[in-house]
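Colleague: Could you take me through this model? I would like to begin with the overall fold and then turn to the interior.

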Amino acid sequence: MEKSLWSVDFHSHDLSFGSGIVTFIENTVVGGDLSFYYVGTYSEKNDELSATVTITQFSPGISVFGQLKECTVIITGKREHSKISFSGYVDQHPELEVVAYMEKLTNI
C-alpha cells in the first residue's frame, strides 16, 4: 500500500462507536483520536489486510473497548479502492470485538 492518510470509524461489540485518523507507511500503521493513539504493523496481499495494533490512552476519554487503558487489537480486512472494511478483537479479551470502516483521504 502506498503511504497514505485515512479516516476511520469504529463500532464495537456493545454498539459503542468512535472515529480517528490513521496513516500507513512502510508496513507501519500510526494514528489516533482525541484520547488514544494507535501504533502497529500491517501486511497486505491481494487487497487483504491484516494488522496488529496497540491502542494506548494518553488523555481522559471513552474507548470502544470500555475501561481498557491499553490493548492490542488483531484485525483483518479487505481494501476496495479508497475504502477498507475490517473486523477484529482485543488480543487479551477476544470477546471484545470491533468493526471499522476506513476511507482514504490522501497519499502522503
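Modeller: The following turns cover the strands and then the core. This is a predicted model, in which local features need pLDDT of at least 70 and side-chain atom pairs count only at pLDDT 80 or more, while totals for chains, interfaces and linings use all residues. Residues are numbered from 1 along each chain as its sequence is written, and side-chain values use heavy atoms, with hydrogens and water left out.

Colleague: Which strands make up the closed barrel?

Modeller: The closed barrel has 8 strands in the order E1-E2-E3-E4-E5-E6-E7-E8, with antiparallel pairing. Strands are DSSP runs (E, at least two residues), numbered from the N terminus, and two of them pair if DSSP finds at least two bridges between them. Neighbouring strands are turned by 30° against each other on average, direction ignored; the axes are lines fitted to C-alpha atoms, and angles run from 0 to 180 degrees between N-to-C directions.

Colleague: How many bridges join E6 to E7?

Modeller: There are 8, and the two strands run antiparallel. Lys-78 stands opposite Ser-85 in E7. The hairpin of E6 and E7 has 2 residues between the strands, and His-81 takes a positive phi near 60° there.

Colleague: And what joins E5 to E6?

Modeller: E5 (residues 48–57) is joined to E6 (residues 70–80) by 9 bridges, with Leu-49 opposite Gly-77 in E6.

Colleague: Turning to the interior, what does Ile-55 touch?

Modeller: Its contacts (heavy atoms within 4.5 Å) include Phe-36, Phe-65 and Val-73, leaving aside residues up to four places away in sequence.

How values were computed:
Helices (H or I, at least four residues) and strands (E, at least two) are DSSP runs, numbered from the N terminus.
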